Amino acid sequence: MPYAILRTTKLKTSGNIGGSERHNERSRDTPNADPLKVTDNDRFIGTENVGLEDIIRERIGDNGGKKVRQSKSAQHSPVLAIELLMTASPKYFRPSNSGQASYWQTDRLEIWVKQNKAWLEDTFGDKVVRAELHLDEVTPHIHAYLVPIDDKGHLNARYYLGGREKLREMQSSYATAMQPIGLERGIKGSRAQHERIKNYYESVDKLPDESLTREELLSQAADRQRQVQRRAEMEHTARSLAVQNEALLQENYRLKGRLNQVEKAQERSHELRLISLPEVALKLGMEVSDFDVNRWYSSAHSIELKGSQFRFAGEDDKGYGAVDLVMQVKECSFQDSLLWLERQLGTGAARAATIEKVNTAVAEVEATQFVPPVQSESAWPRVRDRLLKQTYLPSPLVDQLHEQGLMYADAQGHAVFIERDIAGEVAGAIQRDELGQDERIENSDEGAAFYVVTPDNALMQKPDRVVITDSPTEALAKLTLERTAQPAQRTQYQSLGGSRALEQAKGVSQVSIALSRSEAGERATQEVYRVIPWATSDLPDESHQAQLKAELDQLQVSMKRSQGQQTPERERRQRKERDQGFGM
């Protein structure tokens, strides 16, 4: 498998920054670059008319109110920017012939650039002030400039490159982002020295010694081949050991967690013993049944005990814990119950019983409380690509919803669509798996639904119109189909959501039913009419996503007929232009 390659270098002075800029802009002699291909290079982040140092200084600003200390010595000067070089093994760009210099497969290059841009933006945001793709050398690569601002707004290179662990985190993050397109990271935990960009160039551009004879060159080639084979064998062994080591570390963490749980249980075991319900029942003057050890009797009561639960004979409701048992049998207050437990079972019994009661109450609340899935930024690029391929939605719309937190990926690689109640509060979610199947997450509020409002999704006022669809992706497809440059009204596109989600549309005069033509869609349509009898039908022939795909296919056919066969680069730019403005 080809490798993802990431190199870094620190830029501390104006000379460092200017030299790097001149090299990458080809304003000075660059022996390893083809001057006929310089125009193929593409700056995809940053402006063309502002100098790199000016951009960096502007991004640093007042440094969060902290003075930037300068030094005459470059060694003691602060790092003003970090230059990132990103590339991949030649085998990735040209799998059929990795040794063919200055050649690459266009489709592989495009998806690689897309993944790199997404990683830079997701990981560093606006701290990346410039990034450009170079296609005038042997293998495609990207130079990016990162201004190392930490969470406090201060210039702090150690925040990103401080020690081996920070470098390892950055390498792992980059490798994870490149994994969906078939690239692999180096051996995790390797003790190999980090290679600077300058040294990397020296190694890849080094020419053979032409003074050697043919026999000497062949001998060196044979030696090199043996070294390459030996290195491959060692890398394979090292990689296997690294995988085993990672598995052992995970198992170690799991065992430590289990040990911690056991220790806590041991600490509480004495208190827990004090509040066993059979012991409490015995102190209450009750006797155990000769036929059922869980059944306890007194002259006034018959109670069944199971663990921390109890139930009186002839009643369906259950009680929990020693405090409630004493309160109900003795018909006393909460405080009197605690006082009785302390007197009957000794010091600490009341405290233990109270803790158990609180824990039970918290557990009951947590069991019915909605908890959104944990977000995984590393899984998002893969989930995003799958969504775009399956749903035909415009990428700017997907990216905007992701930035707003209404759409993201969880650790299992599912797409998560956040549901909101009528007040705009997060109250539920829908998971979409790899096959495109939707499932509403447990404990999602019945009054919540996934919805977006155009033209301004942030405003929480009643919309002029509500469009009801089957699912989040159908809602977004309908939005895309109806989108205009200047909407005349505020329209809310929503999925069905919970059983009470239709209440969001009750006070709206214009309601469109845009559900799918299926048995489930027909049943849902009748339910909408029952709640909102003034709603109008706007059912698609099949689905909104199918209609969106048909329109895109027709657009592509029309473009090819009118313009003829186009280059992949031109098609990419036109797709980008078509997607512009598909947000809310």
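Mentor: Let's start with the whole chain: buried residues make up 39% of its 584 residues. Keep in mind that this is a predicted model.

Trainee: Thanks! How many helices and strands does the chain have?

Mentor: There are 18 helices and 19 strands. For contacts between residues at least 6 apart in sequence, 68% join residues at least 24 apart.

Trainee: Let me try a sheet. In what order do the strands of the open five-stranded sheet come?

Mentor: Read across the sheet, not along the chain. The order here is β1-β3-β5-β4-β2, and the pairing is antiparallel. β1 and β2 (42-45) are the edge strands with a single partner each, so each has one side without a neighbour in the sheet. On average, neighbouring strands are turned by 20° against each other, direction ignored.

Trainee: How many bridges join β2 and β4?

Mentor: Three bridges, in the antiparallel sense, join β2 to β4 (residues 128-134). As an example you can look up, D42 has L133 in β4 as its bridge partner.

Trainee: Which helices lie on these strands?

Mentor: Two to look at. Helix α2 (residues 52-60) lies across β3, β4 and β5 (141-146), and runs at about 145° to β4. α4 also packs on the sheet, where it touches β1, β2, β3, β4 and β5, and its direction makes about 150° with that of β3.

Trainee: Now a single helix. How far does α6 reach from its first C-alpha to its last?

Mentor: A good check is to set the span beside the expected one. Helix α6 (residues 164-178) has 15 residues and reaches 21 Å, close to the 21 Å expected at 1.5 Å a residue.

Trainee: And which residues of α6 are buried?

Mentor: First the general idea: an α-helix has 3.6 residues a turn, so residues three or four places apart point the same way. In α6, the buried ones are M170, Q171, S172, Y174, A175, A177 and M178. These buried residues pack against β1 (4-11), β3 (81-88), α4 (106-124) and α5 (158-161).

Trainee: What about two helices packed together: at what angle do α1 and α2 meet?

Mentor: Look at the angle and the axis distance together. Helix α1 (residues 14-25) packs on α2 at about 130°, with the axes 9 Å apart. The two helices are therefore oblique to each other. On the α1 side the contact uses S14, I17 and E21, and on the α2 side L52, E53, I56 and R57. By class, that contact has three nonpolar, one polar and three charged residues.

Trainee: How are α10 and α11 arranged?

Mentor: Helix α10 (residues 321-330) and helix α11 (residues 334-345) pack at an angle of about 110°, with axes 9 Å apart. That makes α10 roughly perpendicular to α11. From α10, A322, V323, V326, M327 and K330 meet F334, S337, L338, W340 and L341 of α11. The residues of this contact divide into eight nonpolar, one polar and one charged.

Trainee: Is α10 mostly covered or mostly exposed?

Mentor: Mostly covered: seven of the 10 residues in α10 are buried. They are G321, A322, V323, D324, L325, V326 and V329.

Trainee: And what comes just after α10?

Mentor: Just past the helix, E331 takes a positive phi of about 55°. Have a look at that residue in the viewer!

Key. Residues are numbered from 1 along each chain as its sequence is written. This is a predicted model: local features need pLDDT of at least 70, side-chain atom pairs count only at pLDDT 80 or more; totals for chains, interfaces and linings use all residues. Side-chain values use heavy atoms; hydrogens and water are left out. Axes are lines fitted to C-alpha atoms, for helices over the stretch in contact, and angles run from 0 to 180 degrees between N-to-C directions. Helices (H or I, at least four residues) and strands (E, at least two) are DSSP runs, numbered from the N terminus. Angles under 35 degrees count as roughly parallel, over 145 as roughly antiparallel, 65 to 115 as roughly perpendicular and the rest as oblique. Contact means heavy atoms within 4.5 Å. Ala, Val, Leu, Ile, Met, Phe, Trp, Tyr, Cys and Pro count as nonpolar, Asp, Glu, Lys and Arg as charged, and the others, Gly among them, as polar. The expected span of a helix is 1.5 Å times one less than its number of residues. Buried means under 20% relative accessible area, exposed over 50%, partly exposed in between (1.4 Å probe, protein chains only). Two strands pair if DSSP finds at least two bridges between them.
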